[in-house]
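Biologist: Could you take me on a close look at one part of this model, the aromatic rings and what surrounds them? I would enjoy a connected walk through it.

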Amino acid sequence: TTILLDSGDRWESSGINAEYGGQFKIGLIHGHQIVPWGDHDAIAAVCRQLDVDVMVSGHTHKLEAYQQDNKFYINPGSVTGAYSPIERNPVPAFILMDIQASTLVIYVYSLPPEGEMEVKKIEFKKGEKGE
């Protein structure tokens, strides 16, 4: 598994490699560089530019996990539920990612206003077509 980071104004491999025994190339970006913030098309463009299987972005404090065009996109939201101009009522959330060979499983933990912790499991298999 190779993790790519944004270096500011240029995209380049940070040289950080994490071996999980998996087959995924993962891109990470804070998200303030995406214009407009959180825009799915703009994030997809960065994903294509980095040539990654999984794109992790943030900045909006809005929890999202979705599959599109055989790529998987994750925005872990805000663990504290901090205010954002994009998401007026963010839900406190975080994501754990487990990579096993060609399968990526994320566990989404969130605390909705009702106050009961929710945990959802989402699975992405490399090579499967998404929505």
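Modeller: Gladly, and let us start with Phe 94. This is a predicted model, and in it Phe 94 has a relative accessibility of 32%, so the residue counts as partly exposed, lying between the 20% and 50% cut-offs. Its place is in strand 7. On the surface, Phe 94 joins Val 79 and Leu 96 in a nonpolar patch, and together the three have about 260 Å² of accessible area.

Phe 94 also has a ring partner. The structure holds 4 aromatic pairs, and two of them are worth going through in turn. A pair of aromatic rings is described by the distance of the centres and the angle of the planes.

Take the pair of Phe 72 and Phe 124 to begin with: their ring centres are 5.2 Å apart and their planes meet at 20°, so this pair is stacked, the angle being under 30 degrees. Phe 72 sits in strand 6 (residues 71-76) and Phe 124 in strand 9 (residues 118-125), so the contact ties together parts that are 52 residues apart in sequence. Are these two rings buried or exposed? Phe 72 is buried, at 1% relative accessibility, and Phe 124 is buried too, with a relative accessible area of 1%.

Back to Phe 94, whose partner is Tyr 109. The centres of these two rings lie 4.8 Å apart with planes at 5°, so they are stacked as well. Phe 94 belongs to strand 7 (residues 93-100) and Tyr 109 to strand 8 (residues 103-110); the pair thus links distant parts of the chain, 15 residues apart. Tyr 109, at 23% relative accessibility, counts as partly exposed, and Phe 94, as noted, is partly exposed at 32%.

Phe 72 and Phe 124 have further company: with Phe 24 they form one aromatic cluster.

For a look beyond the rings, turn to helix 1, which covers residues 40-50. Asp 39 caps its N-terminal end, with a side-chain oxygen 3.2 Å from the backbone nitrogen of Asp 41. Along helix 1 the buried residues are Ala 42, Ile 43, Ala 44, Val 46, Cys 47 and Leu 50. In general, an α-helix has 3.6 residues a turn, so residues three or four places apart point the same way. Just after helix 1, Asp 51 takes a positive phi of about 55°.

Methods:
Residues are numbered from 1 along each chain as its sequence is written. This is a predicted model: local features need pLDDT of at least 70, side-chain atom pairs count only at pLDDT 80 or more; totals for chains, interfaces and linings use all residues. Side-chain values use heavy atoms; hydrogens and water are left out. Buried means under 20% relative accessible area, exposed over 50%, partly exposed in between (1.4 Å probe, protein chains only). Helices (H or I, at least four residues) and strands (E, at least two) are DSSP runs, numbered from the N terminus. A polar contact is a pair of N or O atoms within 3.5 Å; within protein, one must be able to donate a hydrogen and the other to accept it, and residues adjacent in sequence count only if both atoms are side-chain atoms. Rings of Phe, Tyr and Trp (its six-membered ring) pair if their centres lie within 6.5 Å; planes under 30 degrees apart count as stacked, over 60 as edge-to-face and the rest as tilted. Patches are made of residues with over 30% relative accessible area and no salt bridge: like charges are joined within 9 Å, nonpolar side chains (Val, Leu, Ile, Met, Phe, Trp, Tyr) within 5 Å. Accessible areas come from the Shrake-Rupley method with a 1.4 Å probe; for residues, only the protein chains shown count as cover. A salt bridge is a side-chain nitrogen of Lys or Arg within 4 Å of a carboxyl oxygen of Asp or Glu.
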